[in-house]
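Subject: The structure I promised you

Hello,

Here is the structure we talked about, for you to open and turn around at your own pace. My notes on it follow just below.

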Amino acid sequence: MRAFFQSDLWWSFTRSPVTVASAIVAFICIAGAVLAPVLAPHNPFDLASLQLMDAFKPPVWGSEGDATYPLGTDDQGRDMLSAIMYGARVSLLVGFCAVIFSTTLGVALGLLAGYLGGKVDAVLMRIADIQLTFPSILVALLVDGVVRAALPRETHDQIALFVVIFAIGISNWPQFARTVRGSTLVERNKEYVQAARVIGLPSLKIMAQHVLPNVMSPVLVIATLNLGFAILAEATLSFLGVGVPPTQPSLGTLIRIGNDFLFSGEWWITIFPGVALIIMVLSVNLLGDWLRDALNPKLR
Amino acid sequence: MMRRMMLAAAMLLGLGMAADALAQARVVRWAASGDPNTLDPHSQNVGTVSMVLRQIYDPLIARNQRLGLEPGLALSWTQVEPNRWRFVLRQGVKFHEGEDFSAEDVVFSITRALAPTSNFGIFVDTIERAEAVDRFTVDIVTKTVDPILPNKLASIFMVSKGWSERHNATRPQNTRQREEMHTVRNTNGTGAFRMTAREPDVRTVLSRNPDWWGWREAGNVGNVTEIQFRPIASDATRVAALLSGEVDFVLDPPIQDLNRLRNAPNTRVVEGPEVRTLFIAMDTFRDELLYSDVRGRNPLRDLRVRQALYHAIDIAAIQRTIMRGQSVPTGTLFPEQVQGFVREEDVRLPFDAARARALLAEAGYPKGFEITLDCSNNRYVNDEQICQAIAAMWARVGVRTRLNSMPIAPFFAKIQRDDTSIFMLGWGVPTLDGLYSFQSLLATRNGAQGDGIWNHGRYSNPQMDALVQRMKTQQGAERQAAMREALRLYREDVPHIPLHHQVVPWAMRSNIQMPHMANNEPQFRWAVVN
């Protein structure tokens, strides 16, 4: 712990007020989402607690605002603040899982391609090239569409969350794979790797124990930046109505539902989830930017 | 030089003609959320289809602006014998493609509507056959006495025999098998407009048929020369299109935007009741409920449970928030425009959550139970939101409700397999006679034409069946007494939980004048564009 506080990383962190601020905001977002069942004033999924007569209440500062519902209510009388906290939970869950999935896949394939080279490298990198020519949101839509068509509705609803995680994760692995491959190509010819090879260690062991730790720092940067992308991708999918099922609405679902009421003056139903999404993604991206700069030796 | 002058002259002529056409063109660009899934006149008894076909085809008996019966292609009709109706036809009528309209087209159309692939069986269920007496007289022979035959025939469009035979379309298209035939994309009616372009899901263009008989009728000042129909599924886009002037008439504006539309310049909202009633139907047949946690018995067979679910619904809250006042809460099966309506029977069980809990406890479910509510999400005004609200209201009295909302295609398929324990349905009454509702929704299904064909809760009460048989044959006061008795039984037995009659607003540019129709089918023949 002490070593961490004395590191360059910590030093550069404390020197950047924007980074400190965004770290605090990101922390609040994540804490609010994770602790939603404890912190949220209402449980928007408990049907028995909904009061239809409280529907369409404006935020507390509006003329008909109600202190029980600080950010107003939606068309079913659900508290917007609670719905956003619970929705952020789904968004973050999907975001984190998708990033972990694409990181694992991308790093593994990148290591293999870089270390083994030859045909394996050629095949894997061409696949990555092909996938990079598609916008990643299109790949995610494609995966979701195929799964939706292949599975019956009931089954699909049950595993919808996993489908979205898979769809977003799979659309993003080439970035990781290409970066890791590049670093591995450099590391492969270094003396410590050759030494390991000379004493007869198996390739897998060399990759995992010796090469991997030395190629991880750029991966961390990409992963952080990708978290923001994954959250946005999930919101886009849900906004288009192909993401998580409406029974567990994410921020994107909330924005989509609220969109129907934008013309009629009930702006808070869509604006607040949108603002929450922007704040969350912005803070994560600022952190990622800082991490990239801090780990870049050229900028030191 | 000569050439240039000729060119200039041609351009001038062209300009003049264009200006002339502009002065006369009265185009209405019409948007609605859905597109007809076929244009076959006897294949789909669905509002989205008939609202377009009604511009193109004429029935024997038409409906006026208040939905009363008036002569269409038949000038008069009389019941010459109890089982025989005689229709005297209008002479000199031509189909859009030039064929003369005569008695054999009527016989052909009725026979076509009787075919197994027809979706209009409920309107011709009592008909045995149609006979041409002479070129302009037709007899329709019924199997039983049918006092409301004229009401039913107002829903059967007349097609040309020769045209249908030429194009291999002598029977209706089989929609369930997605059959492809000439009538799916082509029309040939006798009506006020003829179709000039059709791109499914994109646009349908109808042009004025100058030879239509109705233009000469007294009092018809309709001046529309062209209708351009465009389906726009997204609510927000449809409203934006009207506000920006991209369309002139929106059949189904979302109700949350009505205030904005009323206040917008050059836009008008016309409201009126629709002859369509929303209700929740319950499975009162199975011994064990589907999609529930109750084993070995069906709580919905217990009257007290059905009453409890009824008491739990706060219809005033639904009317105020979800429908924004655009609904008429009801306790009966159909609205007052329908023959047979009895005001004293239009009484709801009051909203009373405590009473609901007590009834559930009395029936042996003090802790409630779990149930799955099936619901459409793109058919009726705010259908999904209504179901969500009801699920919450039931949850509050202990009935844990899972909501299963679907687009109409899978929803109708599911309930038509009886694969449901409780579902919401909206029922329109095109014949404007109560029998249509009783027969389809409450009679025991017996394989006969029309009886219980939409009774997917399989409610069955011999008393109700006897009353339905009485309504089919009796007339006058006796028939009205049967209706009254059936409505009382409906209130007592609670086979459904009635919710409300829909109110349908139409939004249009303020230069369009047209009567609001309670069947939610605009009639552009009566529209005036200034």
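How many Å separate the centres of domain 1 of chain B and domain 2 of chain B, taken over C-alpha atoms? The answer is 32 Å. Please keep in mind as you read that this is a predicted model.

Let me stay with those two domains for a moment. The domain assignment of chain B places domain 1 at 37-187 and domain 2 at 273-504. Where the two domains of chain B meet, domain 1 contributes 12 residues and domain 2 contributes 16 residues. On the domain 1 side of this contact, helix H4 (121-124) and helix H5 (149-153) of chain B each supply at least two residues. Sorted by class, that side of domain 1 of chain B has 5 nonpolar, 5 polar and 2 charged residues.

**The sheet in chain B**

Next, have a look at the open sheet of 4 strands in chain B, whose order is S4-S5-S7-S6 with antiparallel pairing. Its edge strands are S4 (74-81) and S6 of chain B, each of which pairs on one side only. On average, and with direction ignored, neighbouring strands of this sheet are turned by 20° against each other.

You can follow the pairing strand by strand. S4(B) runs antiparallel to strand S5 (residues 84-89) of chain B, and 6 bridges join them. To find your place there, start at B:Ala74, whose bridge partner in S5(B) is B:Leu89. At the other end of the strand order, S6 (residues 127-134) and S7 (residues 137-142) of chain B are also paired in the antiparallel sense, over 6 bridges. Here a handy landmark is B:Arg129, which has B:Val141 in S7(B) as its bridge partner. The link from S6(B) to S7(B) is a hairpin of 2 residues.

A helix goes with these strands too: H3 (residues 103-114) of chain B lies across S5, S6 and S7 of chain B. The direction of H3(B) is at about 170° to that of S6(B).

**Another hairpin in chain B**

Further along the chain B sequence you will come to strands S8 (residues 193-199) and S9 (residues 203-208), which run antiparallel and are joined by 6 bridges. One pair to look for is B:Arg194 with its bridge partner B:Ser207 in S9(B). S8(B) and S9(B) form a hairpin with 3 residues between them. In the turn, B:Asp201 has a positive phi of about 65°.

**Over to chain A**

Chain A has 13 helices and 0 strands. Its C-alpha atoms fill a box of roughly 75 × 50 × 30 Å, taken along the principal axes.

Two helix pairs in chain A are worth a visit, and H13(A) takes part in both.

The first pair to open is H11 (residues 203-239) with H13 (residues 268-295) of chain A, packed at an angle of about 165° with their axes 9 Å apart. An angle over 145 degrees counts as roughly antiparallel, and H11(A) and H13(A) are therefore roughly antiparallel to each other. H11(A) passes H13(A) in a left-handed crossing. On the H11(A) side, the residues making the contact include A:Ser217, A:Leu220, A:Gly228 and A:Ala235. Among those on the H13(A) side are A:Leu277, A:Val284, A:Gly288 and A:Arg292. By class, this contact of H11(A) with H13(A) has 14 nonpolar, 5 polar and 1 charged residues.

The other pair is H12 (residues 251-259) of chain A with H13(A), where the angle is about 155° and the axes are 7 Å apart. That makes H12(A) roughly antiparallel to H13(A). Here, too, the crossing is left-handed, as H12(A) passes H13(A). Residues of H12(A) including A:Leu251, A:Ile255 and A:Gly258 meet residues of H13(A), among them A:Ile269, A:Pro273 and A:Leu277. The class count for the contact of H12(A) with H13(A) is 8 nonpolar, 4 polar and no charged residues.

**Where the chains meet**

Last, zoom out to see both chains together. 15 residues of chain A are in contact with 21 residues of chain B. The chain A side of that contact divides into 10 nonpolar, 3 polar and 2 charged residues.

Enjoy looking around, and write back with any questions.

Best wishes

Key. Residues numbered from 1 in each chain as written. Chains lettered and ligands numbered in written order. Predicted model: local features only at pLDDT ≥ 70, side-chain atom pairs only at ≥ 80, totals over all residues. Pairing = 2+ DSSP bridges. Axes fitted to C-alpha atoms, helices over the stretch in contact; angles between N-to-C directions. Parallel < 35°, antiparallel > 145°, perpendicular 65-115°, else oblique. Left-handed = near helix turned anticlockwise from the far one by under 90°. Contact = placed C-beta atoms within 7 Å. Nonpolar A, V, L, I, M, F, W, Y, C, P; charged D, E, K, R; others polar. Domains from an automatic or database assignment.
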